[in-house]
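Got the model open in your viewer? Let's walk through it stop by stop, with something to select at each one.

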Amino acid sequence: MSLATTCSRSVTSVKRAILCSVTKTSLLFSANNSVTADQGKLPSKKRWSKSHKKVPRAAHLSWEERLADVVTPLWRLSYDEQLELKQKNQERILSQLSGHLLGDFQPHSSSPVRCSLSFPVLPILPSPVRDGYRNKSTFSVNRGVDGNQKTVGFYVGTGKEGNIVCVNGDQLLNMPEKHKLVARCYQDFIRLSSLEPCLLFHTGGHWREVTVRTNAEGHTMAIVYFHPQTLTPEEVAVHKADLVDYFTHGPGSVCHLDSLFFQETTMTRCTHEESPYQLLHGRTHIYEEVLGFKFRISADAFFQVNQAAAQVLYSTVRDLCAPIADQTGGQKKVGGTLLDVCCGTGAIGITISPRVDRIIGVELIEQAVEDATHNAALNNVLNCEFIAGKAEVVLPGLMSQLSSVGRGLTAVVNPARAGLHHKVIRALRNQPAIRRLVYVSCKPDGEAMRNFKELCCAPDPKKKLTGEAFTPILAVPVDMFPHTPHCELVLLFER
């Protein structure tokens, strides 16, 4: 008996449709992206123990191998083995939630007993692309293996231990060749420059990281970060001109940059509002397509780093938020309102928009809201509106307006690793019109677990959680990051 069949018997007819749809998505993406029959199965324990080789001691490894172990820790395993490892990890994490709901979880135990899962966890959906999948990479500048401080790459070692070495990423499996090329050219440029690199802010220097963004069509954007220190604007302008000349007419022209941005900042990280991204060359944006919708990517906009797997993720979220009753695969409308919390540039809401009556997105970053509004107009999506502000501030007032929603209210949340603010959980929990909630998490064993428990616990007046509890119905892991231990988890709650 198939997993989908087994699961569907344990849930209502609506949930059966969801399971069928998500399982169909899994088969579709697996079939369309050359996943062999062997890859579709999880390795046996015997095969796993035989092929799971012990990682050699760092002292005997090359610098490239050490870097690969830091950035892509699973690179030595076959993709089947990576998926098995991630599947077991997600099941282990979710068993904590099951145990908590059943009252068996022992949070202070040194080795907590793994509880049986009280809801189905579907097999992890594989990434259609395994190598070179990243569409965004940030390369650091620091002392290299040969001692050259103008080395561009990634860190091995830690600042705390004082043993940082910057190693080029040419051998990393998750990096596309175009990103590696831009990094090599940037290293060549700063080595030609008379200015020193900025390794530590208080020790001086100017040249900092470079971020490379690409899309499925091969368009390339580079963002160079620069510390002005005591240079005058006129002096900075000279070096900006040198940078443009190198990448447009010099050796860097092999990169064929579509956009070259420059950000002067005295802080480690800052937004466009704090220190504007200066366009030195080319177009202001590149564009990416997901599930037939086009999205504008600005210099600092968030977008999933694996475009091919993003299609799997968003298709899964769409099927859980707005499941279609007939399994024709069309864009049948189910109606209702979708509340999209932490909506970013609007990707989730826009891809679901044909199936619902109305989308309301809430996002903290103003530039992202501008991008979301633009993306909706770009795709001629007229049923989306986006609100800028902290979700914990916006939601309480918005909820009173949504109480009168006639055809049902569904919520989808896609927060950062820090999870949702407790006031957001409270607002969602206490809104009786929300009957279905989809939570997308990149770190379910972190603060997201606290969110899960507060959504599902018995009413607690002390925490102001007075609404009816949600119940976890279904979990779907999606592998967005091959060769690393990480994946996205999509969790459906209902009440």
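## Stop 1: the sheet with S16

Start with an open sheet of 7 strands, in the order S12-S11-S10-S13-S14-S16-S15, with mixed pairing. At its edges you'll find strand S12 (384–388) and S15, each of which pairs on one side only. On average, neighbouring strands here are turned by 15 degrees against each other, direction ignored. Keep in mind as you go that this is a predicted model.

Now select strand S16, residues 488–494. Is it buried or exposed? 7 of its 7 residues are buried, so S16 is largely enclosed by the rest of the structure. In a regular strand, side chains alternate between the two faces of the sheet. Colour S16 that way: Glu488, Val490, Leu492 and Glu494 sit on one side, Leu489, Leu491 and Phe493 on the other, and both faces are covered.

Next, bring in the strands that flank S16:

- Select S14 (residues 434–441): 6 bridges join S14 to S16, and the two run antiparallel. Val438 has Leu492 as its bridge partner in S16.
- Select S15 (residues 471–478): here 7 bridges make the link to S16, again antiparallel. Pro477 is the bridge partner of Leu489, and Thr471 stands opposite Glu494.

Then add helix H5 (residues 79–102), which lies across S15 and S16 and runs at about 170 degrees to S15.

## Stop 2: the core around Val490

Stay on S16 and click Val490. Leaving out residues up to four places away in sequence, Val490 touches Leu313, Thr316, Val317, Leu320, Val438, Tyr439, Leu474, Ala475, Val476 and Val478. Zoom out a little and you're in the largest nonpolar core, which has 50 residues. Leu313, Val317, Ile350, Ile352, Phe386, Val438 and Val490 have the most contacts inside this core. Which helix gives the most to it? Select H8 (residues 307–321), which supplies 8 residues. Colour by domain and you'll see that domain 1 (136–288) and domain 2 (306–325 + 333–494) both give residues to this core, so it lies between them.

Apart from that core lies another, of 39 residues; Ala411, Val413, Ile425 and Leu465 are among them.

## Stop 3: H12 and its surroundings

Ile425 is a handy way into helix H12 (residues 422–429), where the buried residues are Val424, Ile425, Ala427, Leu428 and Arg429. What do they pack against? Select strand S10 (337–341), helix H11 (391–402), strand S13 (409–413), S14 and helix H13 (447–456).

In H11, pick out Glu392. With 21% relative accessibility, Glu392 counts as partly exposed. Setting aside neighbours within four places in sequence, Glu392 is in contact with His421, Lys423 and Val424. Try a distance label too: Glu392 and Ala427 are 35 residues apart in sequence, and 8.1 Å apart in space from C-alpha to C-alpha.

For a contrast, jump to Asp371 in helix H10 (residues 366–378). At 0% relative accessibility, Asp371 counts as buried. Its contacts, not counting residues up to four places away in sequence, are Arg296, Ser298, Ala301 and Thr345.

## Stop 4: the other sheet

Swing over to an open sheet of 7 strands ordered S3-S2-S1-S4-S5-S6-S7, with mixed pairing. Strand S3 (165–167) and strand S7 (278–282) stand at the edges with a single partner strand each, so one side of each has no neighbour in the sheet. From one strand to the next, the twist averages 35 degrees.

Inside this sheet, select S5 (residues 220–226) and S6 (residues 259–264): 6 bridges join them, and they run parallel. Val224 stands opposite Phe262 in S6. Helix H7 (residues 233–248) packs on the sheet, touching strand S4 (207–214), S5, S6 and S7, and its direction makes about 155 degrees with that of S6. Now find helix H4 (residues 63–71), which lies across strand S2 (151–156) and S3 at about 65 degrees to S2.

## Last stop: the whole chain

Show everything again. The protein chain has 13 helices and 16 strands, and 52% of its 495 residues are buried. Of the contacts with a separation of 6 or more, 66% come from residues 24 or more positions apart. Turn on the surface to finish: the chain exposes about 22200 Å², with carbon and sulfur atoms supplying 54% of it.

Key. Residues numbered from 1 in each chain as written. Predicted model: local features only at pLDDT ≥ 70, side-chain atom pairs only at ≥ 80, totals over all residues. Heavy atoms only, no water. Buried < 20%, exposed > 50% of the residue type's maximum accessible area, 1.4 Å probe, protein only. Helix = DSSP H or I, 4+ residues; strand = E, 2+ residues; numbered from the N terminus. Pairing = 2+ DSSP bridges. Core = buried A, V, L, I, M, F, W, Y, C linked by side-chain atoms within 4.5 Å. Domains from an automatic or database assignment. Contact = heavy atoms within 4.5 Å. Axes fitted to C-alpha atoms, helices over the stretch in contact; angles between N-to-C directions. Areas by Shrake-Rupley, 256 points an atom, 1.4 Å probe, with all protein chains shown as cover.
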